[in-house]
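Student: Please take a close look at one loop of this model and the elements it leads into. I would then like the description to continue into the packing of the helices.

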Amino acid sequence: MTAPSPAPTDVYFDFLCPFAWRGLELADVLRRERGQAFRLRHFSLAQGNHPENPDRKAPAWWLHEQAGDGSTPAQQASLRAFLAAQAAARQGEEAAWAFTLALFRLRHERKAELDEAAIRAAAQEAGLDLARFEADLADEAGLREALAADLRDAAALGVFGTPTFVLPDGNAAYLRFSALVREAEAAQALWELYREVLASGAGIETIKRPR
């Protein structure tokens with residue numbers, strides 16, 4: 001009998017955020033080398049920080065409802081990247097991870113803008129079926145609804161920053177990484193420490209170093 005797949009940890013991220021990039025790199029190491037399951041979920045910092053959304057659990061302004069050529073450049077870039085990631089995900093989980101990491105690396109390692117050129121470059125580097133990718137990008141209504149589902153779930157949880165990890169047992173927290181971790185043992189040690197803090201009875205809400 002085949003063992004059941006482990007329940008995934010949801011990880012909410014925004015392509016604009018370097019801390020989210022570090023969190024995704026850590027999660028990718030753990031999923032590839034330690035067999036841990038993570039599920040990619042989208043949360044918009046532009047939406048979370050919008051002045052019309054004082055209550056993060058009841059947003060009035062939603063990113064998926066905005067025009068692609070409206071709002072601020074950051075909002076446009078974020079929406080463009082999220083919709084492209086939804087299109088990539090139609091080619092399967094591995095395609096979604098490959099595209100997400102490729103676009104993050106273009107943005108935060110190579111300092112590219114989140115524009116159409118970067119999205120096409122990420123799709124190519126991720127090894128996507130490019131014709132299918134272009135066809136899926138054309139289904140903007142479907143992509144926006146898929147993004148809306150993630151944003152609604154994030155709002156229900158009260159997500160405010162990225163990366164936010166939601167463990168299978170329901171424990172959830174935002175963790176801001178100061179370093180990029182791509183080595184399996186270091187990633188596992190950091191992940192176990194994170195889980196221990198969440199599971200402890202100390203009720204730790206915030207740890208922030210002075211600068």
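Tutor: Pro-163 is located in the loop between helix H7 (140-157) and strand S3. In this predicted model, the peptide bond that joins Thr-162 to Pro-163 is cis, with an omega of about 5°. A second backbone feature concerns Lys-111, whose phi is near 60°, a positive value in a residue other than glycine. Lys-111 also belongs to a loop, in this case the one between H4 and H5, and those two helices are taken up further below.

The loop that holds Pro-163 leads into S3, and S3 (residues 164-166) is joined to strand S1 (residues 9-13) by three bridges, the two strands running antiparallel. Within this pairing, Thr-164 of S3 is the bridge partner of Tyr-12. Both strands are part of an open sheet of four strands, which follow one another in the order S2-S1-S3-S4 with mixed pairing. At its edges are strand S2 (38-42) and strand S4 (172-174), each of which pairs on one side only. On average, and with direction ignored, neighbouring strands of the sheet are turned by 20° against each other. Helix H1 (residues 18-33) packs on this sheet, where H1 touches S1, S2 and S3, and the direction of H1 makes about 155° with that of S2.

S3 also contributes an aromatic residue to a contact with a helix. The whole structure contains twelve aromatic pairs. One of them is formed by Phe-165 and Tyr-194: the arrangement is edge-to-face, with 5.6 Å centre to centre and 65° between the planes. This pair links distant parts of the chain, as Phe-165 lies in strand S3 and Tyr-194 in helix H8 (residues 184-199), 29 residues apart.

The helical packing may be followed along the chain from H3 to H6. Helix H3 (residues 73-89) packs with H4 at an angle of about 150°, and the axes are 8 Å apart. Since angles over 145 degrees count as roughly antiparallel, H3 is therefore roughly antiparallel to H4. In passing H4, H3 makes a right-handed crossing. On the H3 side the contact involves Ala-81, Ala-84, Ala-85, Ala-88 and Ala-89, which meet Ala-95, Ala-96, Phe-99 and Leu-103 of H4. By residue class, this contact comprises nine nonpolar residues, no polar ones and no charged ones.

On the far side of the loop with Lys-111, the chain continues into H5. The axes of helix H4 (residues 93-108) and helix H5 (residues 116-125) come within 8 Å and cross at roughly 130°; H4 and H5 are therefore oblique to each other. The crossing in which H4 passes H5 is right-handed. H4 supplies Phe-99, Ala-102, Leu-103 and Leu-106 to this contact, and H5 supplies Ala-118, Ile-119, Ala-121, Ala-122, Ala-123 and Glu-125. These residues divide into nine nonpolar, no polar and one charged. Phe-99 and Leu-103 of H4 thus take part in the contact with H3 as well as in the contact with H5.

H5 in turn packs with helix H6 (residues 130-137), at an angle of about 140° and with the axes 10 Å apart, which makes H5 oblique to H6. Here too the crossing is right-handed. From H5 come Ile-119, Arg-120, Ala-123 and Gln-124, and from H6 come Leu-130, Phe-133, Glu-134 and Leu-137. In this contact five residues are nonpolar, one is polar and two are charged. Ile-119 and Ala-123 of H5 appear in the contact with H4 and again in the contact with H6.

Terms used: Residues numbered from 1 in each chain as written. Predicted model: local features only at pLDDT ≥ 70, side-chain atom pairs only at ≥ 80, totals over all residues. Heavy atoms only, no water. Pairing = 2+ DSSP bridges. Axes fitted to C-alpha atoms, helices over the stretch in contact; angles between N-to-C directions. Contact = heavy atoms within 4.5 Å. Parallel < 35°, antiparallel > 145°, perpendicular 65-115°, else oblique. Left-handed = near helix turned anticlockwise from the far one by under 90°. Nonpolar A, V, L, I, M, F, W, Y, C, P; charged D, E, K, R; others polar. Phe/Tyr/Trp six-rings, centres within 6.5 Å; stacked < 30°, edge-to-face > 60°.
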